[in-house]
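Visitor: I would like to learn how to read a protein model. Please take me through one.

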Amino acid sequence: LRIRHIVAQAVLLLASHYSDSEEAADVTCERLLRTFAGCFGFLGPQRTFLAIGSGTGLGDAVVRALGADRAPQVAAAIDAVLVLCVDHDLTPATFAARIAASVGADLYACVGAALNTQFGTEFGLGFDRMEALLNDVSRGKFGAHEKRATIHHRHPLYPDGDPRARVIIDLVNSLKGPCAHALQALSHLKANRSGEPDPTIEEALATFSVALGLPRQSAGALFALGRAAGWLAHAREQRACNFVIRPRAQFLPGTQPSPVNVNA
């Protein structure tokens, strides 16, 4: 199962049922986020959607859906991670949501546009690769080919290290106990990468996921769930602005495009 496909389909199903209901935007936002959290159940032991009641926080909902440790500090840590991932300027996925909103798309379509942009990028899929790599390292399966698979994404806004990643690693340290193996695996990876002492957001979230024993794909799904709250806020703001985003292209014959740099 690929959580990115499941969530995208869930959003489409919501749109088919509710897009003409003229409900309040706050209701739509809550339904979208709770449905997203319920989709984590497909990664958990039950392998099915888990309906999330209105009285349940997103951290608790994710813990239940994934079959994770039900200790209060675990749900609190997941809530903290979601807040850290909420928004980050005008990323490609956020811009896609705003473009959709600018032409009158409903919030379901805006989130769908952002989801497909997010999970269709090297960055979006990097969480899955980093999770797999850390799991292999923690089991002593770290080989030369896996070293080459290590992600070398550095955020241009954070030449001295990503502060979001530092906070997530601090959360892992605060949980202690069974989390030590994930931190050791990350240290092993960093030892093979001179000049990059601080973790990236991909490394930090993957370490968090592995430390808590969450199913694979959890790191990327957590990032997207947190970011979805930001997408919804951007979409609502853009709709209130009441103008169409229509970028202009300029044809420059004979020039070579610059390499794509996808930022988190």
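Guide: What follows goes from the overall fold to helix pairs, then to the core and to single residues.

Visitor: How many helices and strands does the protein have?

Guide: This is a predicted model. The protein has 12 helices and 0 strands. Along the sequence the pattern reads α-α-α-α-α-α-α-α-α-α-α-α. Of the 264 residues, 50% are buried. Among contacts with a separation of 6 or more, 73% join residues 24 or more positions apart.

Visitor: How is a pair of packed helices described?

Guide: Two values serve for packed helices: the angle between the axes and the distance between the axes. Take helix 1 (residues 3-18) and helix 6 (residues 107-119), which pack at about 165° with axes 9 Å apart. An angle over 145 degrees counts as roughly antiparallel, so helix 1 is roughly antiparallel to helix 6. The crossing of helix 1 with helix 6 is left-handed.

Visitor: Which residues make that contact?

Guide: Helix 1 contributes Arg4, Val7, Ala8, Val11, Leu14, Ala15 and Tyr18. Helix 6 contributes Tyr108, Val111, Gly112, Leu115, Asn116 and Phe119. By class, the contact of helix 1 with helix 6 holds 10 nonpolar, 2 polar and 1 charged residues.

Visitor: At what angle do helix 11 and helix 12 cross?

Guide: The axes of helix 11 and helix 12 cross at roughly 115° and come within 8 Å. The crossing of helix 11 and helix 12 is right-handed. On helix 11 the contact is made by Ile201, Leu205, Ala206, Phe208 and Ser209, and on helix 12 by Ser218, Ala219, Leu222 and Phe223. The contact of helix 11 with helix 12 has 7 nonpolar, 2 polar and no charged residues.

Visitor: Is helix 11 mostly covered or mostly uncovered?

Guide: Helix 11 (residues 201-211) is mostly covered, with 11 of its 11 residues buried. Among the buried residues of helix 11 are Glu202, Glu203, Thr207 and Val210. After helix 11 comes Gly213, with a positive phi near 70°.

Visitor: Where do nonpolar side chains tend to go?

Guide: In soluble globular proteins, nonpolar side chains tend to be buried together. Here the largest nonpolar core has 78 residues, and Phe40, Leu205 and Phe208 have the most contacts inside it. Helix 12 (residues 218-241) gives the most to this core, with 10 residues.

Visitor: What does Leu205 touch, leaving out residues up to four places away in sequence?

Guide: Leu205 touches Val81, Cys85, Phe127, Ile168, Ala219 and Phe223.

Visitor: How do I tell whether a single residue such as Leu186 is buried or exposed?

Guide: Look at the relative accessible area: under 20% counts as buried. Leu186 has a relative accessible area of 7%, so Leu186 is buried. Leu186 lies in helix 10 (residues 180-191). Not counting residues up to four places away in sequence, Leu186 touches Leu134, Ile169, Pro199, Glu203 and Thr207. Leu186 and Val137 are 49 residues apart in sequence, and their C-alpha atoms are 8.3 Å apart in space.

Visitor: Let me apply that to Thr28. Which helix holds Thr28, and is Thr28 buried or exposed?

Guide: Thr28 is in helix 2 (residues 25-39). The relative accessible area of Thr28 is 6%, so this residue is buried. With residues up to four places away in sequence left out, Thr28 touches Glu23, Leu107 and Tyr108.

How values were computed. Residues are numbered from 1 along each chain as its sequence is written. This is a predicted model: local features need pLDDT of at least 70, side-chain atom pairs count only at pLDDT 80 or more; totals for chains, interfaces and linings use all residues. Side-chain values use heavy atoms; hydrogens and water are left out. Axes are lines fitted to C-alpha atoms, for helices over the stretch in contact, and angles run from 0 to 180 degrees between N-to-C directions. Helices (H or I, at least four residues) and strands (E, at least two) are DSSP runs, numbered from the N terminus. Angles under 35 degrees count as roughly parallel, over 145 as roughly antiparallel, 65 to 115 as roughly perpendicular and the rest as oblique. A crossing is left-handed if the near helix is turned anticlockwise from the far one by less than a right angle, and right-handed if clockwise. Contact means heavy atoms within 4.5 Å. Ala, Val, Leu, Ile, Met, Phe, Trp, Tyr, Cys and Pro count as nonpolar, Asp, Glu, Lys and Arg as charged, and the others, Gly among them, as polar. Buried means under 20% relative accessible area, exposed over 50%, partly exposed in between (1.4 Å probe, protein chains only). A nonpolar core is a set of buried Ala, Val, Leu, Ile, Met, Phe, Trp, Tyr and Cys residues joined through side-chain atoms within 4.5 Å.
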